[in-house]
Amino acid sequence: SLYIDSKNKLYVAYRNNGFSLLNLNKQMFKQLDLVKNISTTPENFDAQSFAKDKLGNIWIASRGNGLLKYNKNDNSCKQYSTNNCKGLKTNFLLCIHIDSEGMIWVGTDGQFIAKFNPETEEFKHIDFDWTDWSAVFAIAETDKYIWCGTWGSGLKKVDKKTHKISTIDFDTSDQYRNTIF
């Protein structure tokens with residue numbers, strides 16, 4: 001995953017090796033050593049996706065280590081996982097989206113989505129009755145809905161207030177053509 005901030009710095013996520021920061025003006029890489037603050041080792045840290053909140057914090061969805069908040073001002077990192085957060089059902093997160101109200105939505109590997117409130121530091125898991133196992137790889141937002149691109153289960157439309165879910169399938173006979181990244 002890639003993310004560019006307002007200061008022309010490119011955050012680069014690596015599979016099984018955390019993430020780095022590239023100053024695009026100087027074209028210099030810097031490995032960000034965030035794992036010292038969380039319960040993993042660099043070779044087991046798998047950053048999947050980034051998002052920036054209104055306060056300038058960088059939020060990281062990780063595969064196996066839950067959600068992380070990186071404060072780039074003091075270089076600190078806080079981990080939110082199944083071990084320390086109410087409502088999170090899995091630490092295997094694939095994507096992240098911060099909505100217009102500041103809520104953080106994460107797509108999971110097999111447990112649909114969860115909404116995180118950064119003020120209360122609690123997750124609200126949104127249940128979906130899968131007929132097959134699936135994962136959410138992409139999240140987008142419109143005024144009333146969160147849209148979720150899934151592996152093999154089409155597009156899911158989630159009402160932001162009621163959490164009612166509806167499905168748009170493209171080709172139910174072929175999981176690959178019914179996958180949205």
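This is a short chat about a predicted model, covering its core, its cysteines and two hairpins.

Trainee: What should I know before I start?
Mentor: The model is predicted: local features need pLDDT of at least 70, side-chain atom pairs count only at pLDDT 80 or more, and totals for chains, interfaces and linings use all residues. Residues are numbered from 1 along each chain as its sequence is written, and side-chain values use heavy atoms, leaving out hydrogens and water.

Trainee: Which residues touch the most other members of the largest nonpolar core?
Mentor: Trp59, Leu67, Ile96, Ile104, Val106, Phe116 and Phe123, out of 15 residues. A nonpolar core is a set of buried Ala, Val, Leu, Ile, Met, Phe, Trp, Tyr and Cys residues joined through side-chain atoms within 4.5 Å. Buried means under 20% relative accessible area, with a 1.4 Å probe and protein chains only.

Trainee: Which strand gives the largest share?
Mentor: Strand 9, with three residues. Strands are DSSP runs of E, at least two residues, numbered from the N terminus.

Trainee: New topic. How many disulfides?
Mentor: Zero. A disulfide needs two cysteine sulfur atoms within 2.5 Å.

Trainee: Why no bond for Cys95?
Mentor: Because its sulfur is 7.2 Å from the closest cysteine sulfur, in Cys148, which is too far. Cys95 is buried at 5% relative accessibility. Cys148 is buried too, at 0%.

Trainee: And how do strands 6 and 7 run?
Mentor: Antiparallel, joined by five bridges. Strands pair if DSSP finds at least two bridges between them. Ile60 has Leu68 as its bridge partner in strand 7.

Trainee: What is in the turn?
Mentor: Three residues lie between the strands of this hairpin, and Gly64 has a positive phi of about 110 degrees.

Trainee: What does Leu68 partner in strand 8?
Mentor: Gln79.

Technical notes:
Buried means under 20% relative accessible area, exposed over 50%, partly exposed in between (1.4 Å probe, protein chains only). Helices (H or I, at least four residues) and strands (E, at least two) are DSSP runs, numbered from the N terminus.
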